[in-house]
Structure formats: structure tokens, C-alpha cells
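Here are my notebook entries from a first look through this model. I jotted things down as I went.

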Amino acid sequence: MARHQRPRETSGMRTDTLETLLRRLQEERSFSGTVLITRAGRTVFEEHYGQADRAAGVPVGSRTRFALGSVTKIFTATAVLTLVEEGALRLDTRVRELLPPDRRPSTLREDVTVGHLLTHTSGIADYFEEETATGEWVSEFAALWRDRPVYRMLRPADFLEFFGDLPPYRAPGVRYQYSNAGYILLGLAVEQVTGRDCNEEVIARVFDPAGMDASGFFGSDEVRPDVATGYLRPRAPGEPWRTNVFAVPSVGGPDGGAFSTAADLDRFLSAYAAGELVKPALLTEALTPHTRMDDHSAMGHGVYLLGKGQERAFGAEGADPGAEALIRRYPELDIHTVVLSNVNDSAWTIDDCLRATVTGNAAG
């Protein structure tokens with residue numbers, strides 16, 4: 001597969017190691033996707049690898065729209081915070097008081113709040129438990145849909161059957177534990193207070209004001225231009241690559257599955273950081289560590305917080321079968337990085353190299 005590159009601004013940033021890594025990942029892991037670095041709103045590195053459509057031989061390019069997996073959660077969180085600004089919700093609103101019985105788990109504790117859901121500290125049971133997933137998580141996630149066809153999963157309420165009767169893991173606020181189910185409940189909360197579909201609210205409250213014109217929630221049966229097909233690797237040597245059409249819900253929702261381009265995600269980071277989506281006071285609260293994930297990272301209100309000083313970054317990340325995405329903003333450096341891919345097993349390796357590239361150039 002060929003590398004596809006467009007001219008970029010001269011920046012002085014050394015990217016030799018990054019380019020070597022991308023070539024190696026393409027050769028060894030069939031990496032297919034886009035990597036973007038911008039500084040102060042100007043592109044300093046952008047390269048595209050592989051195929052958006054393997055059957056038709058369509059290469060990945062700057063207009064390619066990739067599935068984002070759980071990067072979508074930062075959009076849901078942003079929409080929720082706009083509702084907090086409007087007074088329709090509070091961070092300490094109790095979810096049981098907000099959602100009627102048929103739109104929440106029967107086992108939901110009375111003390112779970114909107115803030116707990118945003119920070120993954122609610123303690124509720126999840127429909128796909130990532131802490132216990134093995135290295136075969138792609139096949140494990142795909143197995144969710146053996147008895148529940150993907151075309152039935154259209155709205156947040158459709159997911160309640162997965163976790164609605166499961167007992168909670170623990171009381172809220174005890175510790176961080178990543179929760180897709182928590183963001184399903186946030187989507188239900190958005191619908192409850194607005195009376196509109198959660199995806200429509202995300203488009204109106206996040207995509208439109210950020211200028212993300214190429215982004216959206218696209219159904220797997222919709223014919224749209226520039227949308228990358230997600231791919232699963234061959235089951236055995238000599239067998240074909242497969243699409244992820246039976247491995248993910250047929251349309252994205254509050255916990256994952258939106259589509260976007262690298263340029264649109266760069267616009268999102270700019271608008272978010274500038275307080276154009278969430279006003280500065282609430283943005284500061286959102287970017288405050290509310291729970292530790294490990295020694296090097298924490299969780300704000302739907303946003304990952306990484307590192308310290310010049311190496312400090314915030315953003316989002318996600319993966320589904322046939323999709324990987326990571327977005328980062330380095331506030332002290334005014335640098336954004338975006339990694340998008342329609343295959344698995346490369347994006348986090350690239351992100352590690354990007355962090356070293358960005359902070360190493362800054363130190364130099």
C-alpha cells in the first residue's frame with residue numbers, strides 16, 4: 001500500500017522517527033489511516049496510509065472519515081456540560097431522579113450522579129467489561145452481537161437490556177473504572193432533558209459550533225462518500241480481510257461510533273480549548289483531575305488528562321473492531337495530534353511516538 005502525503009508548512013519539527021515508525025507499521029501491521037500534527041492552527045505533519053476501501057482500492061486521504069470508537073465520549077460529555085450551563089442539569093443531579101424507571105437500570109443506586117458518569121466513577125455494571133477483557137478483545141466485543149443483531153442497536157435505550165439488571169460493582173466515587181454503560185446513561189439523560197435524539201443534540205451542540213462539517217453518526221447501511229470501511233484481519237493466512245459490519249452497532253451513540261476527519265478533530269480541539277463549546281469556568285472544571293487512572297493520567301469530565309508541565313496533554317481515545325482513534329492537545333505548546341485508523345493494533349504505538357516527538361522537539 002502506498003503512502004499518501006500532502007505538502008505541509010515548514011516547522012522545524014523533526015519527524016524522522018515518526019515517519020520511520022509509520023512505514024514500519026504499514027509493512028508489519030498493515031497500518032491504514034491518517035496521522036496529523038498541527039501547531040497554532042497550522043499543519044506541520046500530515047500523512048495518509050493504506051486503503052479506505054480495500055475492495056475498490058480507494059486510498060486514505062485528507063477527506064477520509066473514520067469511525068472514532070470512544071473518542072465520541074468527549075462529544076457526549078461536552079453536550080452534557082452545555083446542558084449544565086443552561087441549568088437543565090447539574091453535575092450533582094442524581095440519575096435516578098432524572099431518568100424514569102424504564103430508561104435506567106433497575107439496579108441503579110440512588111447516589112449515582114451525572115458527575116460520576118462523566119468521570120467513570122459511577123460503579124455501575126458495564127455491558128462490555130474492559131478490565132477483564134483479554135488480548136482477544138476484538139472478537140470478544142464482536143461476540144456481543146451474536147444474539148442481539150447490530151441493526152437493533154439504534155438508540156441509547158436499546159443497550160439497557162445488556163446491563164439494566166446487573167448489580168453495581170461498587171458504590172459511586174470509590175475509584176475509576178471505564179464504563180461504556182455510564183455514557184449510555186448520559187445519552188439517555190440528554191434525551192430526557194431535551195426531548196431530542198442524543199446524536200442530534202451532539203451535532204447541534206458540538207459538531208456545528210465547532211465547524212465539524214464532515215462529522216456525523218453514519219449508519220452502516222448508508223451510502224456516503226469518503227467513509228472508511230473498518231477492517232478485521234484475516235482469521236488465518238490466505239483468508240480474506242473482513243469488514244466490521246457485524247462487529248459493531250449499526251449506528252454510533254453516546255458511548256462511541258461517530259465518524260470524523262482529522263481536520264474536523266483538530267477543529268474540535270481548538271474550539272474546545274478556546275471555550276467556544278463550554279464556557280471557560282466550566283471548562284476549567286472539566287479539565288481538573290477528578291479521579292486518578294494511574295500514576296501518569298487522570299480523568300476530567302469526559303476528557304483524559306496526561307502528563308505535567310510542557311508535556312501536559314488532554315484529549316480522548318477509542319477503539320472498536322476495525323477502528324482506532326486518539327486526539328491530544330498540548331496546551332503549553334499549542335500542538336494538536338490526531339491518529340485515525342480503520343484497522344487495529346497500531347494507533348497507541350503511534351501515539352507514544354507522537355508524544356516523544358512533540359515533547360522532544362519542545363525540549364530541544
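How many nonpolar, polar and charged residues are in the lining of the second largest pocket? I get 14 nonpolar, 4 polar and 6 charged; Ala, Val, Leu, Ile, Met, Phe, Trp, Tyr, Cys and Pro count as nonpolar, Asp, Glu, Lys and Arg as charged, and the others, Gly among them, as polar.

Ground rules first: I am working on a predicted model, where local features need pLDDT of at least 70, side-chain atom pairs pLDDT 80 or more, and totals for chains, interfaces and linings use all residues. I number residues from 1 along each chain, and side-chain values use heavy atoms, without hydrogens and water.

Whole chain: I find 11 helices and 15 strands (DSSP runs, H or I of at least four residues and E of at least two, numbered from the N terminus). The C-alpha atoms fill a box of roughly 55 × 50 × 35 Å along the principal axes.

Back to the pocket, an open set of points on a 1 Å grid over the protein atoms alone, where a 1.4 Å probe fits, with protein on both sides within 12 Å along at least five of seven lines. I note about 600 Å³ of space in the second largest one, as filled by probe spheres set on the points, which are joined across faces, edges and corners. Its lining (an atom within 4 Å of a point) has 24 residues, with V138, S139, A142, L232 and R242 the closest to the centre. Helix 5 gives the most, 4 residues.
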